[in-house]
Amino acid sequence: MTEKELNKLISNRLNLLLKQKVLNTAELANLTGTSHPTATKWRSGLHDFKISDIAMIEKAIGEKLIEITVIETKTITVTRKETLSFSV
């Protein structure tokens, strides 16, 4: 998936949540402490979202825009002993 496609998905999610909460662009700007043009860019799908943008919006509207699944990994070290034999 491209960065452009991801930004559009985040924007679509934002617009859905704003519709459910009956919030408009001006209210989003007010809740996030940003300008109306910034909130408009977020909603347009043309904005390159930063993690800080997403965190600010999520905090302001009380909903998740994205969900990240953390997969726990473990490192296993394998030591291999070899016996070398040769004849003289």
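**Helix packing and overall form of a four-helix model**

In this predicted model, helix H1 (residues 3-20) and helix H3 (residues 36-44) meet, their axes coming within 7 Å and crossing at roughly 110 degrees. Two packed helices are described by the angle between their axes and the distance between the axes. Angles of 65 to 115 degrees count as roughly perpendicular, and H1 and H3 are therefore roughly perpendicular to each other. On the H1 side, the contact is made by Lys-8, Ser-11, Leu-14, Asn-15 and Leu-18, while H3 contributes Trp-42, Arg-43 and Ser-44. Sorted by class, the residues joining H1 to H3 comprise three nonpolar, three polar and two charged ones.

It helps to step back to the whole chain at this point. The protein has four helices and zero strands, and its pattern along the sequence reads α-α-α-α. The radius of gyration is 24 Å, well over the 12 Å that the globule rule gives for 88 residues, so the protein is more spread out than a compact globule. The extents of the C-alpha trace along the principal axes of the protein are about 85 × 25 × 20 Å.

Burial and contacts add to this picture. Of the 88 residues in the protein, 24% are buried. The exposed surface of the protein comes to about 7300 Å², with carbon and sulfur atoms supplying 56% of it. Among contacts with a separation of 6 or more, 54% are between residues 24 or more positions apart.

Two individual residues deserve a closer look, beginning with Val-22. This residue lies in the loop between H1 and helix H2 (25-32). Although Val-22 is not a glycine, its phi is positive, at about 55 degrees. Is Val-22 buried or exposed? Its relative accessibility is 69%, and exposed means over 50%, so Val-22 counts as exposed.

The second residue is Thr-25, which is placed in helix H2. Buried means under 20% relative accessible area; Thr-25, with a relative accessible area of 14%, is therefore buried. Which residues does Thr-25 touch, not counting those up to four places away in sequence? They are His-36, Ala-39, Thr-40 and Arg-43. Helix H3 covers residues 36-44, and Arg-43 also takes part in the contact of H3 with H1. Arg-43 thus appears in two settings, touching Thr-25 and belonging to the H3 side of the contact with H1.

Methods:
Residues numbered from 1 in each chain as written. Predicted model: local features only at pLDDT ≥ 70, side-chain atom pairs only at ≥ 80, totals over all residues. Heavy atoms only, no water. Axes fitted to C-alpha atoms, helices over the stretch in contact; angles between N-to-C directions. Parallel < 35°, antiparallel > 145°, perpendicular 65-115°, else oblique. Contact = heavy atoms within 4.5 Å. Nonpolar A, V, L, I, M, F, W, Y, C, P; charged D, E, K, R; others polar. Rg over C-alpha atoms; globule rule 2.2 N^0.38 Å. Buried < 20%, exposed > 50% of the residue type's maximum accessible area, 1.4 Å probe, protein only. Areas by Shrake-Rupley, 256 points an atom, 1.4 Å probe, with all protein chains shown as cover.
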